[in-house]
Amino acid sequence: MPKISAIVPVYNTEKYLTKCLNSIINQTYQDFEIIIVNDGSTDNSEKIILEFKNKYPEKIKYLKKENGGLSNARNFGVEHAKGDYLSFIDSDDYIDINLFEKLIPYIDQSIDLIKFKLIKVTEDYQKIEKIDGPIFDKINGQDAFNKLCFSDILLEPACLYFYKRSFFVENKYKFALNLYHEDFGLIPIIIINATSVASVDYYGYYYVQANNSITRNNNYEKSVKRAYDLLLHYDNMIMQLNKINLSRITENNLKQYYTNAIFNNLINLKKNEKRMYKKQIKQRHLIKNIKIKNCRSFAKKIFLFLKCYYL
């Protein structure tokens, strides 16, 4: 049984796929399997996958399916994973060659969730920006979420964590189908449910700023759907709260984290859609989720109130 299962959903990413797979195959720590899920690609992605499969048959498990979206591909990969830990790597990104080895000390502690850091790069792999965040050793999930939710720019990308497979599978975690922001909908719930979380001071993931990827494709219709999908994720989070014993602080932070994202999406909507979206916000009484802790948060709440009801 391998120590790590790297799950790589692939959909029409022939331009980036070789770079991605090489970054995994050439890891300095070699006790892993790569589960490649071809999610109905129509370009030359399969040709590249088969070349890697033939060259590294002991490392690569190749799964082919009809197109079902990123969430479906990830869930499918989890079902076939055998490793002690799960890693999700988008096929248009790549990882640092030392990432697996760097996380082994935390894996050996059997930590449920191990977070690391990300670097944004251009399509020709020039560094753009390092994304920082809080660092901490093994703590419980609620404390981890409270540390991350307002000080980490990128809390929810699934690719920035290693997950203990037994923890992930026993809790029956699934990425939501047919919804955008699938990471936003699931990762905060995973964090607060974890018995142990560590956040490592290591830049292990390279996020390629591309326009035609499995996760990054923009048009206005999709912007509208993304906004409404955030509301659905919020509704699901509220249902999940009934199953979780949270501290008042964590519950407030969780609601505020989701609410901030919903308000921020107002800027992406045009007049008619914005009016309808505000009605949905009002029906959920989301403004009450913005807690006043100081003058700055008071000013923010007033601004959001005006933004929702008048602007």
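This passage describes the overall build of the protein and then two residues in one of its loops. The structure is a predicted model, in which local features need pLDDT of at least 70, side-chain atom pairs count only at pLDDT 80 or more, and totals for chains, interfaces and linings use all residues. Residues are numbered from 1 along each chain as its sequence is written, and side-chain values use heavy atoms, with hydrogens and water left out.

To begin with the whole, the protein holds 11 helices and 10 strands (DSSP runs, H or I of at least four residues for helices and E of at least two for strands, numbered from the N terminus). The C-alpha trace spans about 60 × 40 × 35 Å along its principal axes. The radius of gyration is 20 Å, which agrees with the value near 19 Å for a compact globule of 311 residues (taken over C-alpha atoms; the rule is 2.2 Å times the number of residues to the power 0.38). Of the 311 residues, 54% are buried, where buried means under 20% relative accessible area, exposed over 50%, and partly exposed in between (1.4 Å probe, protein chains only). Among contacts (heavy atoms within 4.5 Å) with a separation of 6 or more, 80% are between residues 24 or more positions apart.

A closer look now goes to the loop between α6 (165-170) and α7 (182-193), where Lys-172 is placed. His-181 also lies in the loop between α6 and α7. Lys-172 has a positive phi near 55°, and phi of His-181 is likewise positive, near 60°. Most residues other than glycine have a negative phi. Lys-172 counts as exposed because its relative accessibility is 68%, whereas His-181, at 27%, is partly exposed.
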